[in-house]
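Me: Could you take a close look at one part of this structure for me? I would like to hear about the aromatic residues and how they sit together, with a word on the ligand afterwards.

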Amino acid sequence: MSTEPIRTLYDLLPDEIDQLVAGLGLPAYRAKQILQSLYREYPTSLDELRQLPLLVRDELAAQYAFSPAEEVRRVVSEDGETTKLLLRMSDGTLIETVLMQYPEPGERHPRSTVCVSTQAGCAMGCVFCATGQMGFERNLSAGEIVSQVIHVARLLKANGEHVTNVVFMGMGEPLANYAETIRAVRLLTDPRAFGLGQRHITISTVGVIRGIDRLAAEGLQVGLAISLHSPDEALRQQLVPTAGPHSVQDIVSAARRYFTATGRRVTFEYALIAGENDSPEIARKLVALLRGTPTHINLIPVNPTAGGYGRPSRGRVLEFEKVLLDAGMNCTVRVEKGSEISAACGQLRTDEANTIISLEELSRAPVAPVHGHRQGAPAPGPSQSQ
Ligand code: SAH
Ligand code: SF4
């Protein structure tokens, strides 16, 4: 399998489309037509860029692949709020993308958050994470990241809905694929491309310090979530085997720098694992660690995976939360909903026990109708509060 992602029109920033059009000797308005088609109509082939003369389409086809993400499987949670997609990239690589919908009070349309993958697999090896356990396959290109959002936008458009938020919380470590992640953010937020507000995007990282500092210097307003999982260095290294020896302290310092540079408080994600990091003593250590740092803590009762790491009882979760709340920390528990469809990162690809909707059934499958108010995993913790 190729390790180099394939370049498509969805890899090109608007300025680069301008240059491409100029290079083909075409009038500048052709760039606008291409961009409008790509980011408003969500075509599935170059033939659908109908405003363009056939000759121009042929020229484009000669230079750039046009390979939309192909949907292989779709699984919808019982309440219809979480839709998990298994998508095939043009070289056969399989990745996961999740759509999470929440009713918005006073709004006609729900909040529709797309959780994108940035890598096939992941090299970080977190012990409770299905993606971590499958190892690293390859980085995704910016175009492959964007095409996940385009695919969901196409599904939603059929219901008169649209993508409102994007979280980089699917398979892979976004900051270990830095350049393509940032390019994807720029494509998703450029008003001439997908046009989403920067504050509607959240990047989640396991704690790649150099990446956090680079991101802070980009002049972007995207949200940052850091997966901390433990206030204790030794325990964190057990859970995140690739973490450095001072990862906890390094992460808290980096979160402070991110806040200073961007004015945006960092969310700490904390996967609660029974018998590992869920005791009230550890909660008190977490309070001591984070006191004075502007932050939001998102407690995520872990979705059980093959690794044998289990979810604490509800009482235990509430007890942990209470320690944080009593200490005045800003904290929420993410209510898992997608677990029956293996909605945690990397699980669909590895879990054969799912009720998979076959391709013939796809046309009849609902695209996440909205009711209730619960969410799946990995869910957009930080974007919830924006
Ligand atoms: N690599 C990045 C982003 C992808 S993982 C990161 O680690 O932050 C997104 C989130 O899902 C992380 O907070 C991760 O800890 C969490 N996660 C992974 N496996 C999980 C599981 N089995 N149950 C609950 N959350 C999980
Ligand atoms: Fe990679 Fe994030 Fe999974 Fe850890 S939790 S293995 S960093 S995807």
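Reply: Happy to help; here is a walk through the aromatic residues, followed by the ligand site and the cysteines. Please keep in mind that this is a predicted model.

Let's start with the aromatic rings. Searching the whole structure turns up three aromatic pairs. One of them joins Tyr10 and Tyr39 in an edge-to-face arrangement, with 5.4 Å centre to centre and 85° between the planes. The planes count as edge-to-face because an angle over 60 degrees is assigned to that class. Tyr10 sits in the segment before helix H1 (14-23), while Tyr39 belongs to helix H2 (residues 29-41), so this pair ties together parts that are 29 residues apart in sequence. As for exposure, Tyr10 has a relative accessibility of 6% and therefore counts as buried. Tyr39 is buried too, at a relative accessible area of 1%.

Tyr10 has another partner. With Phe66 it makes a tilted aromatic pair, 6.0 Å centre to centre and with 50° between the planes. Phe66 comes from the loop between helix H3 (54-63) and strand S1 (70-76), and Tyr10 from the segment before H1, so here the parts tied together are 56 residues apart in sequence. Both Tyr10 and Phe66 are buried. Taken together, Tyr10, Tyr39 and Phe66 make up one aromatic cluster.

Now for the ligand. Ligand 1 is surrounded by 19 residues, and the closest are Phe128, Gly172, Ser204, Ser227 and Asn303. By type, this shell splits into nine nonpolar, eight polar and two charged residues. Several polar contacts can be picked out. Ser227 places a polar side-chain atom 2.6 Å from an oxygen atom of ligand 1. Gly172 contributes a backbone N or O atom, found 3.0 Å from a nitrogen atom of the ligand. Glu173 offers a polar side-chain atom, which lies 3.2 Å from a nitrogen atom of ligand 1. On its own, ligand 1 has 530 Å² of accessible area, and the protein covers 96% of that.

Finally, a word on the cysteines, in case you were wondering about crosslinks. With a disulfide taken as a pair of cysteine sulfur atoms within 2.5 Å, the count comes to zero. Cys115 counts as buried at 1% relative accessibility, and Cys129 counts as buried at 16%. Cys129 falls in the buried class because the limit is under 20% relative accessible area.

Methods: Residues are numbered from 1 along each chain as its sequence is written. Chains are lettered from A and ligands numbered from 1 in the order in which they are written. This is a predicted model: local features need pLDDT of at least 70, side-chain atom pairs count only at pLDDT 80 or more; totals for chains, interfaces and linings use all residues. Side-chain values use heavy atoms; hydrogens and water are left out. A residue is near a molecule or strand if one of its heavy atoms lies within 4 Å of it. A polar contact is a pair of N or O atoms within 3.5 Å; within protein, one must be able to donate a hydrogen and the other to accept it, and residues adjacent in sequence count only if both atoms are side-chain atoms. Accessible areas come from the Shrake-Rupley method with a 1.4 Å probe; for residues, only the protein chains shown count as cover. Ala, Val, Leu, Ile, Met, Phe, Trp, Tyr, Cys and Pro count as nonpolar, Asp, Glu, Lys and Arg as charged, and the others, Gly among them, as polar. Rings of Phe, Tyr and Trp (its six-membered ring) pair if their centres lie within 6.5 Å; planes under 30 degrees apart count as stacked, over 60 as edge-to-face and the rest as tilted. Helices (H or I, at least four residues) and strands (E, at least two) are DSSP runs, numbered from the N terminus. Buried means under 20% relative accessible area, exposed over 50%, partly exposed in between (1.4 Å probe, protein chains only).
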